[in-house]
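Biologist: Could you take me through the metal site in this model up close, and then show me what else is worth a look around the chain? Plain talk is fine, I'm at the bench most of the day.

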Amino acid sequence: MKAMQLDAVGQLFTREVERPEPGPEDLLIRVEACGVCGTDRHLFHGEFPCKPPVTLGHEFSGIVEAMGGKVTGFAIGDRITGDPNIACGRCVHCANGRINLCRNLQAIGIHRNGGFADYVIVPQKQAFLLPADLDPMHGAFCEPLACCLHGIDLAEIKAGGSVVVLGGGVIGLLTVQLARLAGATSVILSTRQAVRRTLAEELGATATVDPSEGDVINKIAGPQGLVPGGVDVVLECAGVSETVAQSLKIVRPGGTVVVMGVMPQGETMEIEPFDLLFREVRLLTSFLNPFTHRRAADLIAAGKIEIDTLISRTVSLNEAPNVVSNPPQPGEVKVLVIPGL
Ligand code: NAP
Ligand code: ZN
């Protein structure tokens, strides 16, 4: 079978490898689609630790082709989505129900061979059933959606509430949709690229702003802004400290900021604790997808998330190294690798 493997930093190749054999509790999945994520690019550049040589790809779905003798609840031919983040279940954090913080976390596509391949091994506890008639490309969005769902859960959006999303990549555009589903009546997206602002408005954003033109804090939370005095919830989905700083000013007193973006390691920023205290701002961070993958799969299965317009292009496994080793093209939201191409 074909697989795209990272041999070392900057060394990414699609090659023939042996098809893996499922262990007793594993499913062998024929990959239908696997999304390219910013993390894959960070792994390529050595900005995120992994265990090369490894097949990348952690946003995948596909069809059960074979399974180990101890697998129950799945049948050959089922379509599934895999939650790539495998917690040990035994460490102090797992015991506290904080499985995303597991001390022994192993991720498919980072520490074990992943979904940029014809086949991937998925432990049965990491697999969730998808409808037989689902568009195979939609299944690949369960993992990023599950990460956004964790952020949305932490934000505790109330029906009728106001929400700002900073950053209009795939995470921001999925988060806009979840904020609407959570009942927010005002959902404002700030992102620089005009195509993404237009897309966000089609996906349910009630307003968009261009942060490169004028003061975004004033435009949103100023006296003449979209929500004078600030919004109930800000979800930071850009991954730059500038937007974290904006979040703390756009949120209203008593409101909640959830940081989902990943800043470069070691980067620091200034905050004013006095201001945070007297406005009792709740500043939270959201990491991975603890216990949200099932609901993400259900949302996608139910057609509640618009996905087609988020798919910028599809590429084969042979083209995939070129995609991962280069920055995203302007306007691009999500590139899917289709092993069958
Ligand atoms: P992405 O495609 O890079 O999207 C981020 C977008 O933010 C950029 O493309 C950019 O779009 C926008 N942006 C940059 N600077 C901005 C600014 N000053 N103001 C407003 N927008 C700005 O990445 P993604 O895949 O959507 O992921 C977003 C972030 O979430 C990344 O940091 C990623 O690592 C992180 N992430 C976190 C989790 C988690 O579990 N917490 C899971 C997945 C991803 P424009 O060019 O349009 O401005
Ligand atoms: Zn653990």
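Modeller: Happy to, and keep in mind that this is a predicted model. Start with the geometry: the site of the zinc ion (ligand 2) is tetrahedral, with angles of 101 to 117° among its four donor atoms. That label fits because four donors count as tetrahedral if all angles lie between 85 and 135 degrees. Who are the protein donors of the zinc ion? They are Cys88, Cys91, Cys94 and Cys102, each giving its SG atom, and they lie 2.3 to 2.4 Å from the ion. Written as a sequence pattern, the spacing of these donor residues is C-x2-C-x2-C-x7-C.

Now for how covered two of those cysteines are. Is Cys91 buried or exposed? Cys91 has a relative accessible area of 8%, so it is buried, the cut-off being under 20%. Cys88 comes out at 24%, and therefore counts as partly exposed, since that class runs between the buried limit and 50%.

While you're in that stretch of the chain, have a look at the empty space. Rolling a probe the size of a water molecule over the atoms shows where such space is left. Here the structure holds one cavity of 30 Å³ or more, and the largest cavity has a volume of about 50 Å³. Its lining is made up of Asp83, Asn85, Ala87, Ile99, Asn100, Leu105, Asn289 and Pro290. Sorted by class, that is four nonpolar, three polar and one charged residues.

Next, scroll along to helix 8, residues 241-250, which is mostly covered, with seven of its 10 residues buried. The buried ones are Ser241, Thr243, Val244, Gln246, Ser247, Leu248 and Ile250. What covers them includes strand 11 (162-166), helix 7, strand 14 (231-236), strand 15 (251-259), helix 9 (273-278) and strand 16 (282-285).

Helix 7 has a residue to pick out here: Ile217 is found in that helix, which spans residues 216-221. Leaving aside its neighbours within four places in sequence, Ile217 is in contact with Gly222, Gln246, Lys249 and Ile250. Two of the names in that list, Gln246 and Ile250, also appear among the buried residues of helix 8. Ile217 and Ala245 are 28 residues apart in sequence, and their C-alpha atoms are 9.8 Å apart in space. Ile217 itself has 27% relative accessibility, so it counts as partly exposed rather than buried, which would need a value under 20%.

Last, a few backbone spots. Most residues other than glycine have a negative phi, and most peptide bonds are trans. Against that background, the peptide bond from Pro52 to Pro53 is cis, with omega near 0°. Pro53 has its place in the loop between helix 1 (38-44) and strand 4 (54-55).

Then there are two glutamates to click on. Glu156 has a positive phi, near 50°, and is found in the loop between helix 4 (142-155) and strand 11. With a relative accessible area of 51%, Glu156 is exposed. Glu280 has a positive phi too, near 40°, and lies in the loop between helix 9 and strand 16. At 64% relative accessibility, Glu280 is exposed. Both loops end at strands from the list above: strand 11 and strand 16 are among the elements that cover the buried residues of helix 8.

Note on methods:
Residues are numbered from 1 along each chain as its sequence is written. Chains are lettered from A and ligands numbered from 1 in the order in which they are written. This is a predicted model: local features need pLDDT of at least 70, side-chain atom pairs count only at pLDDT 80 or more; totals for chains, interfaces and linings use all residues. Side-chain values use heavy atoms; hydrogens and water are left out. Donors are N, O and S atoms within 2.8 Å of the metal (3.2 Å for Na, K and Ca); water is not among the atoms, so sites may look incomplete. Four donors count as tetrahedral if all angles lie between 85 and 135 degrees; four count as square planar and six as octahedral if opposite donors are over 155 degrees apart and all others between 65 and 115; anything else is irregular. Buried means under 20% relative accessible area, exposed over 50%, partly exposed in between (1.4 Å probe, protein chains only). Helices (H or I, at least four residues) and strands (E, at least two) are DSSP runs, numbered from the N terminus. Contact means heavy atoms within 4.5 Å. On a 1 Å grid over the protein atoms alone, a cavity is a set of points where a 1.4 Å probe fits but cannot get out, and a pocket is an open set with protein on both sides within 12 Å along at least five of seven lines; lining residues have an atom within 4 Å of a point. Grid points are joined across faces, edges and corners, and a volume is the space filled by probe spheres set on the points. Ala, Val, Leu, Ile, Met, Phe, Trp, Tyr, Cys and Pro count as nonpolar, Asp, Glu, Lys and Arg as charged, and the others, Gly among them, as polar.
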